[in-house]
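Hi there,

Here is the structure I promised to pass along. Have a look at it first, and my notes follow below.

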Amino acid sequence: MIAEVILDLKANSIDKPFSYLVPDRFLGVIEVGERCYVNFGNFKRMGIIVELKEETDIDLNKLKEIEDLIDIEPIITKELIELGIYLSKTSYYPLISYLLTMIPNVLKVNYTKKVKLIDKDDFRLNLIFSDKEYLLYDDLDKNDLSLIKDSIKSGQVELIFDYKRKEAIKYEKVITLLSIPPKLTDKRKEIVDYLIRNNNEALWLDLKEDTSSSLETIKRMEKKGIVSISDKEVYRNVKTIKPFKDKKVTFTKEQNKAFDELKNNLNNNIVYLLHGITGSGKTEIYLSLIEEVIKNNKEAILLVPEISLTPMMVNRFKSRFKDKVAIFHSELSDNTRYDEWRKVLRGEVKIAVGARSAVFAPFKNLGIIIIDEEHENTYKQDTSPIYHARDVASWRVGYKNCMMLLGSATPSVDSYARAIKGVYKLVELKNRPNNFGLPETTVVDLNQEFKKGLKGNLSNTLIDAINERLAKGEQSLLLLNRRGYSNYLMCRMCGTVERCPNCDVSLTYHDYDKTLKCHYCGYEKRVISKCAKCGSDRLEKIGSGTEKLEEELSSLFPSARIIRMDTDTTRGKNGHEKILYDFEYNGDILLGTQMIAKGLDYPNVTLVGVINIDQSLKIPDFRSKEETFSLLTQVSGRCGRGEKKGNVIVQTYNKDYYAIKYGLSQDYIGFFNEEMKVRKIAKFTPFYFMVQIKIKSKDMKLAYQEAKIVKEKLSETYNNDELIILGPIQPTIARLDSFYVFNVILKYKKVENLDIVLKNIYDEESKKDILISIDRFPSSF
């Protein structure tokens with residue numbers, strides 16, 4: 001038998017399966033989707049078996065044998081291997097990149113390069129090794145590398161790859177009842193009775209806590225043959241602060257109509273778009289559909305766009321479906337994520353709830369994939385390997401012949417256009433249950449406010465509204481979509497702004513730790529007291545972030561309980577959930593970035609204040625108007641969700657701009673029609689397909705020259721009527737994390753063999769000093 005193995009080497013030149021003989025000892029054990037160790041070159045590498053076959057055109061005498069199997073059962077299903085092949089062909093990254101994305105980090109092998117001294121008589125080598133048998137390759141002095149490299153070739157030094165696996169399965173002691181003697185001491189009888197009540201078996205930690213027993217007592221009982229002590233594999237719990245509480249609701253006539261249509265098509269490969277206004281009951285429809293899927297002995301994936309949504313979703317799902325739910329999001333530790341993943345692989349759960357990567361949950365009998373807030377850009381992975389969760393979900397439901405449901409109060413323009421054309425099926429929820437209306441909206445024109453002498457971030461209208469809520473014991477949400485204290489630090493004498501040395505951006509001032517930070521590469525430095533250019537001490541903090549606004553709120557409302565929610569305050573374990581729990585039960589004002597704009601459902605929130613919605617219009621992204629409309633609509637929907645009436649106050653400089661105007665009235669159709677006119681003129685999606693080719697190098701000239709070569713190759717293949725080619729152009733942030741960036745943008749309606757041409761460009765032009773990425777779902781240029 002021959003095994004086709006994909007090696008865990010992310011190189012284009014070896015992005016293909018390699019054939020290995022299967023030793024007789026592995027026959028009957030080896031399966032597609034298992035990991036193995038093989039010799040590649042002269043080194044031992046981990047690989048994933050993607051195919052088993054009986055025949056090959058290769059001379060069997062030239063094939064090496066598989067050295068060892070890591071797994072005794074597949075860790076990647078055949079479906080996910082085929083999905084990886086599809087993604088590799090359409091996104092141009094090596095197959096192994098996608099396969100490794102699908103499995104937990106603890107299943108990936110870490111390699112360490114070492115050099116071992118063989119020729120101990122060589123004086124120069126002895127000086128380098130200094131009586132040590134091994135040295136880490138990465139720790140070698142640069143001046144010694146040439147000699148070490150020559151010595152490896154001559155056999156005087158051996159290059160060794162040490163590999164380390166990270167799987168960490170948790171075990172706990174289990175006490176099992178074996179026999180019941182006629183005479184027992186009171187303590188032993190208490191222990192035996194406890195075990196009988198728990199089906200003759202209990203975890204030692206539970207037994208210890210509930211009976212106040214010592215391990216010595218248990219060991220003496222083991223010697224008497226009364227109990228046995230063993231180790232049992234257990235899962236780490238995904239802890240939640242808020243107790244699970246199910247919230248069953250009765251559907252309205254409109255909800256029933258939507259649910260019935262969706263339920264009747266669960267077994268069809270159809271993409272539905274559920275367009276429901278904020279608070280219209282989309283989540284309850286998700287829950288009810290998943291109940292139907294489970295009744296049919298199938299499984300479900302629910303994707304949510306932000307980690308901050310996950311605690312609320314987890315609570316709803318855990319309360320309804322108990323232990324049938326696995327959770328996936330980036331706040332989980334690697335080991336906890338591994339446990340959740342194993343529950344899915346073993347068929348112990350029926351539902352996976354989580355952020356983008358949960359779309360790869362290894363279910364074998366998938367019945368539905370639901371993407372909540374489908375318009376969100378967080379479903380797109382921008383780093384290697386690039387993919388969009390919607391694209392992955394579409395492929396998976398096609399493979400399993402089941403439904404994909406996209407839900408949103410503000411669908412992406414692309415999705416709604418597909419629904420109008422009949423590519424997707426449209427289902428709508430136009431009303432909130434119990435006749436709860438949408439909140440009233442008040443617009444504050446910041447142009448006029450500054451003429452009146454506004455000095456802080458809050459207008460008198462918003463201040464009065466907050467005071468009114470505080471007097472009533474009601475809660476307020478304030479959105480400012482910029483974290484930190486100030487946008488930047490500027491010298492008033494010479495105008496110098498402190499900038500990141502790695503990126504073409506200014507550093508953001510953070511007051512809590514007195515640092516200047518880059519929000520792109522992570523660089524930070526202590527705040528300076530004098531200008532580095534002219535020496536002046538007249539340094540001014542320009543602009544406002546959530547940290548500065550929190551300070552202003554504390555001054556205006558000294559008795560209010562103010563809670564801030566942004567990336568800086570949610571970094572700890574369960575950070576999002578702790579903050580939301582604290583606000584729900586103890587808070588008066590929740591101040592935050594866009595993470596507070598979606599999915600929160602608190603009946604006592606009756607005021608939403610948007611500090612400066614115009615900021616999102618400045619983002620260098622052709623979807624910035626769509627994102628502004630969505631953000632405004634979504635955050636407005638966080639209030640007035642119960643019996644208490646809600647009010648939204650929006651501060652803006654551009655009250656008549658269409659994205660803001662339609663957002664204020666939550667008029668999605670009006671915005672959609674206006675945006676489609678703009679997109680048609682500009683030749684953006686959904687009228688044209690778009691591809692972004694990004695060329696990066698630490699050498700600016702080299703990056704530009706390579707971008708010109710890429711454009712020339714495309715221009716030689718296609719004329720401008722077939723393929724619109726723009727660039728090379730630098731993005732707004734021309735240097736990021738020490739790399740200069742140039743983009744080549746493609747627009748087209750129908751082009752033959754473009755995938756092949758792009759794959760050739762990717763393979764031919766990716767070089768040591770050049771990084772190329774090809775993005776089929778571009779947004780910012």
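Let me start with a charge over a ring: Lys 696 lies over the face of Phe 739, at 5.4 Å from the ring centre. Lys 114 is placed in a similar way, with its charged end over the ring of Tyr 134, 5.6 Å from the centre. Please keep in mind that this is a predicted model.

Next, the aromatic pairs, of which there are 22 by the rule I used. One of them is Tyr 581 with Tyr 585, a tilted pair at 4.7 Å centre to centre with 45° between the planes. Both residues belong to helix H17 (residues 575-586), where they are 4 residues apart, about one turn of the helix. Tyr 581 counts as partly exposed, because its relative accessibility is 30%. Tyr 585 counts as partly exposed too, at 47%.

Phe 629 and Tyr 668 have ring centres 6.0 Å apart and planes at 55°, so this pair is tilted. It links distant parts of the chain, with Phe 629 in helix H18 (residues 624-636) and Tyr 668 in helix H20 (residues 668-682), 39 residues apart. Both Phe 629 and Tyr 668 are buried, and they belong to one aromatic cluster that also includes Tyr 416, Tyr 657, Tyr 658, Phe 671 and Phe 672.

Finally, helix H1 (residues 78-91). At 1.5 Å a residue, its 14 residues should span 20 Å, and the end C-alpha atoms are indeed 20 Å apart. Its buried residues include Leu 80, Ile 81, Leu 83 and Leu 87. Among the elements covering the buried residues of H1 are strand E4 (43-53) and helix H12 (389-400). Tyr 92 follows H1 and has a positive phi, near 75°.

Enjoy exploring!

Notes: Residues are numbered from 1 along each chain as its sequence is written. This is a predicted model: local features need pLDDT of at least 70, side-chain atom pairs count only at pLDDT 80 or more; totals for chains, interfaces and linings use all residues. Side-chain values use heavy atoms; hydrogens and water are left out. Helices (H or I, at least four residues) and strands (E, at least two) are DSSP runs, numbered from the N terminus. The expected span of a helix is 1.5 Å times one less than its number of residues. Buried means under 20% relative accessible area, exposed over 50%, partly exposed in between (1.4 Å probe, protein chains only). Contact means heavy atoms within 4.5 Å. Rings of Phe, Tyr and Trp (its six-membered ring) pair if their centres lie within 6.5 Å; planes under 30 degrees apart count as stacked, over 60 as edge-to-face and the rest as tilted. A charge sits over a ring if NZ of Lys or CZ of Arg is within 6 Å of the ring centre and within 35 degrees of the ring normal.
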